[in-house]
Amino acid sequence: MDLAAFRELEPLCWRAPSAHNTQPWRLRYERWAITVGWDPADALPAGDPTGRDLRLSLGAFVETCLVVAAGAGLRLDWVADHDESDRRVGRLRPARQPYRTPFRTDDVWDRRTHRGRFTGGPDARVLAAVDDVAGRGGGAVRVVPATGRLGALLRAADRQVYADPAVAAELRRWLRLDPARPEYRTDGLSDRCLGLSRPAAAGLRAALAAYPVLRPLGLPRLLAAGDDPLARGGAVLALVAPPDLDAAGQVEFGRVLMRMWLTLQAAGLAAHPLSQLVDVDATRDAIGALLDVASGRIVHVTRVGRPVAPAPRSARRVEPAGGGAQRRPVAARVA
């Protein structure tokens, strides 16, 4: 197994998505395998108490590794071996042939979360394609009806998220609103990726710094009312998982989620996750009722459309040096 060749590709693998861009995955290189695990320091115990988003992101990372390796002609396959005590989800191992995938390394590199304006949503052909991707994993993709109720649900979810001090503390930890700080270029949610102007970023930074004082005075409601992503166009899609998905199954379904995102990317579309609709029980139940689906099966909700302008590329701790695919040292993590 050519471990050195895969190490050179690692910066591309880190382009996988994760909640709050925490990049929780870790690779352990062994003689005949590469173990994929995670660092609990980069989990979100308040915002993601069940670990669903963590496991989906780990699966998305695995799929990204396989696509990138295939693009370089490396022969790898995946052996799932989920173990919470060892904080691992499985191993990449030598295979007889490269992983079979319709996606290219360019799709991985170009994919990014887009919180800006869309000119329209996916057409019937794209909807059928992403539904087929989900169907092959035992799930489905459903269009969430664009009703006034959806906007109300989004505001209600935002209010509940901002009202929880522990969740707000995690958000403060991962927001990157000051370009002068070193972590701005390594991880988290930057003002540019959030589509915030400098004054808006400064205002949000000040509001969250004063959160303990302002929360009883209505700060959660004010923050929830400050943005309406639905007004920026696109369609809202829900990814429905198979019933009774266990922890290992969530990792594998994260691979399906990544294939869904890459299918959208290949069609010239982008996605803006609306995770709060799934994170809050009441709004997830309401989405389930709208779709006539058991709410526990809804694992991802996202706004999808054709971007008006390119989105900024989010930061990564491991990035190509000089535009190539070489690994450069990771900057020290600042908590």
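This section describes the strands, sheets, nonpolar cores and cysteines of a predicted model.

The first sheet is open and is built from four strands in the order S1-S2-S4-S3, with antiparallel pairing. Strands of a sheet pair through backbone hydrogen bonds, either parallel or antiparallel. S1 and S3 are the edge strands of this sheet, and each of them pairs on one side only. From one strand to the next, the twist averages 25°.

The pairing within this sheet can be followed strand by strand. S1 and S2 run antiparallel and are joined by five bridges. A hairpin of four residues leads from S1 to S2. Leu27 has Val36, in S2, as its bridge partner. S3 and S4 also run antiparallel, with six bridges between them; Ala80 stands opposite Gly90 in S4.

In a regular strand the side chains alternate between the two faces of the sheet. In S1, the covered face carries Trp25, Leu27 and Tyr29, while the uncovered face carries Arg26 and Arg28. Two helices lie across strands of this sheet. H1 crosses S1, S2, S3 and S4 and runs at about 160° to S1. H10 lies across S3 and S4, at about 150° to S3.

In soluble globular proteins, nonpolar side chains tend to be buried together. The largest nonpolar core of the model has 35 residues, of which Phe6, Val36, Phe61 and Leu92 touch the most other members. At least two residues of this core come from each of the helices H1 (3–13), H2 (52–71) and H10 (247–266) and from each of the strands S1 (25–29), S2 (34–38), S3 (76–83) and S4 (88–94). H2 gives the most, with ten residues. When neighbours within four places in sequence are left aside, Phe61 is in contact with Cys13, Trp14, Ala16, Trp25, Leu27 and Val36. Two of these residues, Trp25 and Leu27, belong to the covered face of S1. A second core, separate from this one, has 20 residues, including Ala134, Val141, Ala241 and Val299.

Another open sheet of four strands has the order S5-S8-S10-S9, again with antiparallel pairing. Its edges are formed by S5 (140–143) and S9 (270–273); each has a single partner strand, so one side of each is left without a neighbour in the sheet. In this sheet the twist averages 35° from one strand to the next. S9 and S10 (residues 298–305) run antiparallel and are joined by four bridges. Ala270 stands opposite Gly305 in S10.

The cysteines were examined for disulfides, and the structure holds zero of them. Cys13 is in no disulfide, and the nearest cysteine sulfur, in Cys65, is 3.8 Å away. A disulfide requires two cysteine sulfur atoms within 2.5 Å, so a pair beyond that cut-off is not counted. Cys13 counts as buried because its relative accessibility is 0%. For Cys193, the closest cysteine sulfur is that of Cys13, at 20 Å, which is too far for a bond. Cys193 is also buried, with a relative accessible area of 11%.

Terms used
Residues are numbered from 1 along each chain as its sequence is written. This is a predicted model: local features need pLDDT of at least 70, side-chain atom pairs count only at pLDDT 80 or more; totals for chains, interfaces and linings use all residues. Side-chain values use heavy atoms; hydrogens and water are left out. Buried means under 20% relative accessible area, exposed over 50%, partly exposed in between (1.4 Å probe, protein chains only). A nonpolar core is a set of buried Ala, Val, Leu, Ile, Met, Phe, Trp, Tyr and Cys residues joined through side-chain atoms within 4.5 Å. Contact means heavy atoms within 4.5 Å. Two strands pair if DSSP finds at least two bridges between them. Axes are lines fitted to C-alpha atoms, for helices over the stretch in contact, and angles run from 0 to 180 degrees between N-to-C directions.
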